[in-house]
Amino acid sequence: MNVHSVEQVQKLTVIAPATGQIIAEIAETPIHEVPLFYQRGRNAFAAWSSISIPERLNYFRKLKQLMVDEMDQIARTISDDTGKVLTEAIVADIMPTLDAIDHIIRHAEKVLSRQKAKTPFLLIGKKSYIEYMPRGIVLVISPWNYPLQLAMVPMVSALAGGNTVILKPSEVTPLVGKCIEDLFNRSGFPEGTVQVAHGGKEVGAAFTEGKPDYIFFTGSVRTGKIIQQQAARDLIPTTLELGGKDPMIVFKDANLERAAKAAAWGAFTNSGQVCMSAERLYVERSILEEFLELLKSEVRTLTQGTDENADVGSMTFPAQKDIVKGQLEEALARGAKLETGLEPENWQEGMFIPLTVVTQVEQDMKIIQEETFGPLLPVVPFDTEEEAVILANGTVFGLNASVWTKDKEKARRVASKLVSGAVVINDVIITVANHGLPFGGTKESGIGRYHAEGGLRIFCHEKAIMEDLGLMNSEIQWYPYKGKYPLFLNLFKNYFGENRNWLSFARDYLALIKSK
């Protein structure tokens, strides 16, 4: 558990969630310093945006190597701050961050350089281009569940395009925020190019109101809506990566052993605190009992703890534990059945929650409709493909989903019908690990996409450029208009009609040129 003290004390007290011990105190950023952050960022922007992309990428190479050299230390910082096990810290937080940096090093110059565009035939003699112009200062507000990856990937994406960055990491995991700040400083990034502000909601609100040039937020739907309202007032573009309630659909012809292992991992990795966790499991009715036994057997093999060999760590944020508890209590009160785990009144003190599988749940229960973000997995039977799709689409979320079947055509058909930012076939979660794919949600799961080419370009203005050699004294569409209407009429009829008459087109075009 990490809690921050009141504004007057100006300290974030860091308590390791897995042990309950105080491990650090970190100074908050005073609200009155927010304008100074923006001033430093704007001063640094002039120099950073003017250097070439290859020059910027040299800093990225230093950053990546520093992270490789200190990987174990970073993993332990993440584990201490979040309560997640070391294996998940390195596999799911550090590795995707390094891969993102590597992806940017390999592709940024090509993606962000001037791009040739086609010029319509009617504008013959001209050339068209697209340039990518950095926006200015990008404010990144990052969450506590993957505090390294979900901060650094948008940061480096914005930096590659020539922007400067202010990061406001979650006050729940400030140690990782300090680690990020230290990594950028020691990698030699110019002063003011990357700044990190520490604090809670008040600090985040102050920076949001400070009029950055772009806001990249990852977090809850509730906070995302508040940020979007403020951004709309100031006409600030945003990317919002919000919640999920991802369905996992298992058909009777699936590899059931693989699907059961995937369900356990997809639901309980990072103690279920993943926006793309498998939070709803839909199983074809004819295999429900068989699959449940496989799933329960898999769950029973998992160990919870803090050592290197543990499978599942603790919860990170105390308030999230209360949300999980409330959802389970409501489901049990309405007749749901525990297949694994304990009733909430039997949970032990601390931040570990028993790995819980629940059956006999209804589609309108909170356990189905609201994001859980904890180790709680409801299992629901279905009878037909159409019913599975309706159930899967039956929430306000749409971030990720998975479809399990050996029938390739059925898998693709179902995947195409799911209202979701991503779908995985015969696997779970992993689309976020492919930096060549766009990442983002539909419905209340968010606005915008990052990763892939678009993930670099969202932090830039697309600038359209057309050029003419300037040899002609006039253009056919310029004044005077006298006598031009019938020539244009014939020209466009010939050009856009189904039976294009090139001879007539050429005659009309030459007539227009002469009429200039």
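**Notes on a predicted model**

1. Let's start on the surface. Phe 121, Ile 124 and Trp 502 come together there as a nonpolar patch, and their combined accessible area is about 320 Å². Trp 502 belongs to helix H17, which covers residues 502–515. Its relative accessible area is 45%, so Trp 502 counts as partly exposed.

2. Before going on, keep in mind that this is a predicted model. How well does the protein score? The average pLDDT is 95, and 98% of the residues score at least 70. Residues 1–7 are a stretch to treat with care, since their pLDDT is below 50. That stretch still has 32 contacts in the model beyond near neighbours in sequence. Where pLDDT is low, though, the predicted coordinates shouldn't be read in detail.

3. Now the overall build. There are 17 helices and 21 strands in the protein. Along the principal axes, the C-alpha trace spans about 90 × 55 × 40 Å. Of the 516 residues, 54% are buried. If you take the contacts with a separation of 6 or more, 70% of them are between residues 24 or more positions apart. As for the outside, the protein exposes about 23200 Å², and carbon and sulfur atoms supply 54% of that area.

4. Helix H7 is a nice place to see what burial looks like. Which residues of helix H7 are buried? Within this helix (residues 201–208), they are Val 203, Gly 204, Ala 206, Phe 207 and Thr 208. The cover over them includes two helices, H1 (34–50) and H8 (221–233), along with the strands S6 (137–141), S7 (164–168) and S9 (214–218). Try finding each of those elements in the viewer.

5. On to charges. Side chains of opposite charge can pair when their charged atoms come close. How many salt bridges does the count come to? The total is 28 salt bridges. Some of them join up: Glu 293, Lys 296, Lys 337 and Glu 339 are linked in a network.

6. Here is a pair worth a look: Lys 168 and Glu 171 form a salt bridge, with 3.3 Å between the closest N and O atoms. Are these two residues buried or exposed? Lys 168 has a relative accessibility of 4%, so it counts as buried. Glu 171 is buried as well, because its relative accessible area is 16% and the cut-off for buried is under 20%.

7. Another pair sits in a helix. Glu 181 forms a salt bridge with Lys 178, and their closest N and O atoms are 3.5 Å apart. Why does the spacing in sequence matter here? Glu 181 and Lys 178 are three residues apart in helix H6 (residues 174–186), so about one helical turn separates them. An α-helix has 3.6 residues a turn, so residues three or four places apart point the same way. Lys 178 has a relative accessible area of 37%, so this residue is partly exposed.

8. One more salt bridge, back in the region of the chain we began with. Asp 508 pairs with Arg 507, and the closest N and O atoms are 3.9 Å apart. Asp 508 counts as buried because its relative accessibility is 4%.

9. What about disulfides? A disulfide is a covalent bond between the sulfur atoms of two cysteines. The count here comes to zero disulfides. Two cysteines to look up are Cys 179 and Cys 275. Cys 179 is buried, because its relative accessibility is 15%. Cys 275 has a relative accessibility of 16%, so it is buried too.

10. Finally, some backbone details. Most residues other than glycine have a negative phi, and most peptide bonds are trans. Which peptide bond is cis? The one from Tyr 479 to Pro 480 is, with omega near 0°. Pro 480 is found in the loop that runs between strand S21 (460–468) and helix H16 (485–496).

11. Two residues also have a phi to check. His 451 is not a glycine, yet its phi is positive, at about 75°. You'll find His 451 in the loop between strand S20 (446–447) and helix H15 (452–457). His 451 is buried, because its relative accessible area is 5%. Ala 452 isn't a glycine either, and it has a positive phi of about 55°. Ala 452 is placed in helix H15. With 15% relative accessibility, Ala 452 counts as buried.

Technical notes:
Residues numbered from 1 in each chain as written. Predicted model: local features only at pLDDT ≥ 70, side-chain atom pairs only at ≥ 80, totals over all residues. Heavy atoms only, no water. Disulfide = S-S within 2.5 Å. Buried < 20%, exposed > 50% of the residue type's maximum accessible area, 1.4 Å probe, protein only. pLDDT = per-residue confidence, 0-100. Contact = heavy atoms within 4.5 Å. Patch = residues over 30% accessible without salt bridge, like charges linked within 9 Å, V, L, I, M, F, W, Y side chains within 5 Å. Areas by Shrake-Rupley, 256 points an atom, 1.4 Å probe, with all protein chains shown as cover. Salt bridge = Lys/Arg side-chain N within 4 Å of Asp/Glu carboxyl O. Helix = DSSP H or I, 4+ residues; strand = E, 2+ residues; numbered from the N terminus.
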